[in-house]
Amino acid sequence: MQLMPDDLDPGIGMTSRRTRDRLILRLKEAGITAPEVLEAIRGLPRHLFVDEALASRAYEDSALPIGHGQTISQPYTVARMTEALLEHARPDTVLEIGTGSGFQTAVLASLVRRVYSVERVQELLERAQSRLRSMKKRNIRFRHGDGAQGWREYAPYQGIMVTAAPRGVPRALAEQLAPGGVMVLPMGDGTKQMLVRLTRLERGFAHEVLETVSFVPLLNGIS
Ligand code: SAH
């Protein structure tokens with residue numbers, strides 16, 4: 001077997017190629033098939049998106065706390081939502097609501113031309129922004145605001161991804177979706193929600209329920 005440089009460094013064992021490969025294998029077993037999505041996730045250092053104390057768990061397929069009562073999404077969910085967003089066409093511009101740790105943002109930024117990401121908690125936004133800056137991801141614009149309002153300035157978007165659960169589709173987001181564009185969002189008000197994909201048609205929207213997911217709620221206002 002050929003040794004990769006990071007396999008030779010015992011200090012960063014948790015970030016080694018093998019550790020990441022195991023996560024990718026687990027995602028494939030769970031049903032993720034889009035190679036570009038798997039490669040985007042394989043290429044990202046998820047341990048840098050969580051506190052150091054949790055870094056050793058960063059390549060497990062689980063959600064982890066990031067402070068402010070929020071979580072970095074489970075890798076499977078990130079992969080599934082990204083796959084659903086890109087399935088029929090690759091959007092040029094994507095609006096993401098709920099930057100959180102910035103991990104999903106980074107996955108999207110690896111796959112599309114430009115990502116616009118809105119977060120209501122200033123501190124989370126600043127941390128995500130500095131992380132992604134140090135990873136040299138330059139095709140992302142951030143905004144501190146209430147994502148339920150979308151981001152009118154750059155609308156319409158070919159893709160919209162919402163990573164906190166509203167009860168229904170926020171009207172502003174539906175309006176900011178380009179014709180032919182796709183929005184992926186969790187919807188519902190319990191601890192479990194439906195993962196829904198909306199496609200904007202010439203008139204109205206097509207709507208598919210993909211599976212059950214568990215997200216924090218989309219909250220009003222900023223913090
Ligand atoms: N994709 C993120 C998920 C973070 S959890 C990750 O994997 O790290 C959901 C995020 O949505 C939290 O950071 C929360 O603060 C944010 N959020 C909740 N309601 C929001 C709103 N109305 N507008 C913008 N962000 C919101």
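# Exercises on the cavity, the pockets and the ligand

**Exercise 1.** State how the residues that line the largest cavity divide into nonpolar, polar and charged, and then find where these residues come from.

*Solution.* Begin with the classes: the lining of the largest cavity holds 5 nonpolar, 2 polar and 3 charged residues. Here Ala, Val, Leu, Ile, Met, Phe, Trp, Tyr, Cys and Pro are nonpolar, Asp, Glu, Lys and Arg are charged, and the others, Gly among them, are polar. The structure is a predicted model, in which local features need pLDDT of at least 70 and side-chain atom pairs count only at pLDDT 80 or more, while totals for chains, interfaces and linings use all residues. Residues are numbered from 1 along each chain as its sequence is written, and side-chain values use heavy atoms, with hydrogens and water left out.

Next, settle the terms: on a 1 Å grid over the protein atoms alone, a cavity is a set of points where a 1.4 Å probe fits but cannot get out, a pocket is an open set with protein on both sides within 12 Å along at least five of seven lines, and lining residues have an atom within 4 Å of a point.

Then name the members of the lining, which are F49, V50, D51, P65, I66, G100, S101, L124, R127 and R131. Both β1 (64-67) and α5 (122-134) supply at least two residues of this lining, and α5 gives the largest share, with 3 residues. Helices (H or I, at least four residues) and strands (E, at least two) are DSSP runs numbered from the N terminus.

Finally, turn to the volume: the largest cavity holds about 60 Å³ of space, and the count of cavities of 30 Å³ or more comes to 1. A volume is the space filled by probe spheres set on grid points that are joined across faces, edges and corners.

**Exercise 2.** Describe the shell of residues around the ligand, and list atoms of S73, D146 and G147 that approach the ligand.

*Solution.* First take the shell as a whole: 24 residues surround the ligand (a heavy atom within 4 Å), and S101, E119, D146, G147 and L219 are the closest of them. S101, one of these closest residues, is also among the residues that line the largest cavity.

By class, the shell has 10 nonpolar, 11 polar and 3 charged residues. The strands β2 (70-72) and β4 (114-119) each contribute at least two residues to the shell, and the largest share, 3 residues, belongs to β2.

Now go through the polar contacts, which are pairs of N or O atoms within 3.5 Å. A polar side-chain atom of D146 lies 2.9 Å from a nitrogen atom of the ligand, and a polar backbone atom of G147 is 2.7 Å from a nitrogen atom of the ligand. For S73, a backbone N or O atom lies 2.9 Å from an oxygen atom of the ligand.

**Exercise 3.** Set out the volume and lining of the largest pocket, and then those of the second largest pocket.

*Solution.* The largest pocket contains about 560 Å³ of space. It is lined by 37 residues, of which T71, T163, A164, F215 and V216 are the closest to its centre. Two or more lining residues come from each of β2, α3 (75-86), α4 (103-111), β4 and β9 (205-213), and β2 provides the largest share, 3 residues. The classes in this lining are 16 nonpolar, 17 polar and 4 charged.

The second largest pocket has a volume of about 180 Å³. Its lining consists of 15 residues, and those closest to its centre are A89, Q158, G180, G181 and V182. At least two lining residues come from each of α3, β7 (177-187) and β8 (193-200), while β7 gives the most, with 5 residues. This lining divides into 7 nonpolar, 5 polar and 3 charged residues.

**Exercise 4.** Locate the cis peptide bond between A155 and P156, and the positive phi of H68.

*Solution.* The bond from A155 to P156 is cis, with omega near 0 degrees, and P156 is found in the loop between β5 (140-144) and β6 (157-162). H68, a residue other than glycine, has a positive phi near 60 degrees, and H68 lies in the loop between β1 and β2.

Key
Polar contact = N/O pair within 3.5 Å; in protein donor to acceptor, adjacent residues only side chain to side chain.
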